[in-house]
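Biologist: I am new to this structure and would like a close look at one part of it. Please take me through that part slowly, and then show me what lies around it.

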Amino acid sequence: MLKRSAAMAAKDLKLSVSGGQGLVQAVLLGLLLIFLFSLSKPVGGVISAQAAGAIFWLASAFGLVLVFNDLFAIEEANGARVGILSSPAPVHAVWIGKGVAGLCLLLVSQLVFLPATVAFLGQAIHGPWWLLGVTLVGADIGLVIIGALLGALSQGQAARESLLSVIVFPLLLPVLLSGITLFAMCFSPDPVGEPGSWLGLILAFDALFAGAGLFLFPFVYSGEE
């Protein structure tokens with residue numbers, strides 16, 4: 001199954017990068033959000049570390065929606081989903097492959113968002129780099145687990161095209177709140193708390209929804225057209 005998942009991820013990354021719609025739209029929308037929020041900065045003042053973290057993860061969440069809408073639209077546009085379901089490959093390989101491809105695209109987007117946050121919002125990374133990296137990867141895994149599950153649910157009918165953006169944000173609140181708080185610790189020059197409980201919340205979120213995704217994805221992806 002891992003071999004088929006890797007093939008699915010490679011195929012999606014190749015098509016997404018060559019087409020460029022999902023990734024480019026995610027990057028442009030994220031940069032626009034960061035720039036617009038930077039205009040709220042008081043003259044001669046700075047945006048707080050908490051607000052900067054919130055803006056970064058808001059840009060990431062909107063980018064997530066665009067990325068996974070594009071990834072699942074690849075099969076929907078050509079009616080290839082029926083062919084995938086008819087193949088001997090397990091359906092879970094699609095979920096894992098889409099998740100890996102989405103994680104790569106989201107990380108690429110965030111490599112643009114992070115310097116933009118530092119530049120436009122007047123931030124500097126004072127906290128430990130390991131905390132920044134662990135938070136980024138851990139929270140992103142939670143984001144793509146939800147994105148890969150609900151992205152399949154939002155495809156198949158024209159009336160459901162905007163479903164992902166409607167239902168994804170309430171589910172992402174725990175991991176987004178954790179990411180915002182931990183990024184505030186990294187941006188703040190003064191110690192503002194212990195990261196252990198927030199990292200534990202991210203880990204619990206990832207484990208819970210990974211299990212839910214493994215159980216639910218076959219029903220979601222093979223649902224009625």
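Does T181 count as buried or exposed, and what is its relative accessibility?

Modeller: Please keep in mind throughout that this is a predicted model. T181 has a relative accessibility of 13%, and because buried means under 20% relative accessible area, T181 counts as buried. The residue is found in helix α7, which runs over residues 163-187. Leaving aside its neighbours within four places in sequence, T181 is in contact with Q50 and W198. W198 falls in α8 (196-221), and the span 197-221 is 100% helix and 0% strand, with its end C-alpha atoms 34 Å apart. Q50, for its part, comes just before residues 51-74, a span that is likewise 100% helix and 0% strand and whose end C-alpha atoms are 35 Å apart.

Moving on along the chain brings us to S188, which has its place in the loop between α7 and α8. With a relative accessibility of 14%, S188 also counts as buried, and, when residues up to four places away in sequence are not counted, it touches A49 and H126. S188 and I125 are separated by 63 residues in sequence, yet their C-alpha atoms are 7.5 Å apart in space.

From there we can turn to α6, the helix of residues 129-153. Of its 25 residues, 18 are buried, so α6 is largely enclosed by the rest of the structure. The end C-alpha atoms of α6 are 36 Å apart, which agrees with the 36 Å that its residues should span at 1.5 Å a residue. Another helix, α5 (91-120), joins α6 in supplying at least two residues each to the lining of the largest pocket. This pocket has a volume of about 180 Å³, and the largest share of its lining, five residues, comes from α5. Among the lining residues are W95, L103, I141 and A148, and by class the lining has eight nonpolar residues, one polar residue and no charged ones. As for α5 itself, its 30 residues reach 43 Å from the first C-alpha to the last, close to the 44 Å expected at 1.5 Å a residue, and the helix is followed by G122, whose phi is positive, near 65 degrees.

Finally, the unreviewed UniProt entry carries the annotation "transmembrane region" for several stretches, including residues 51-74, 95-122, 128-151, 163-185 and 197-221; T181 lies within the annotated stretch 163-185.

How values were computed. Residues are numbered from 1 along each chain as its sequence is written. This is a predicted model: local features need pLDDT of at least 70, side-chain atom pairs count only at pLDDT 80 or more; totals for chains, interfaces and linings use all residues. Side-chain values use heavy atoms; hydrogens and water are left out. On a 1 Å grid over the protein atoms alone, a cavity is a set of points where a 1.4 Å probe fits but cannot get out, and a pocket is an open set with protein on both sides within 12 Å along at least five of seven lines; lining residues have an atom within 4 Å of a point. Grid points are joined across faces, edges and corners, and a volume is the space filled by probe spheres set on the points. Helices (H or I, at least four residues) and strands (E, at least two) are DSSP runs, numbered from the N terminus. Ala, Val, Leu, Ile, Met, Phe, Trp, Tyr, Cys and Pro count as nonpolar, Asp, Glu, Lys and Arg as charged, and the others, Gly among them, as polar. The expected span of a helix is 1.5 Å times one less than its number of residues. UniProt positions are given in the numbering used here, feature names are shortened, and annotations may be inferred rather than shown by experiment. Buried means under 20% relative accessible area, exposed over 50%, partly exposed in between (1.4 Å probe, protein chains only). Contact means heavy atoms within 4.5 Å.
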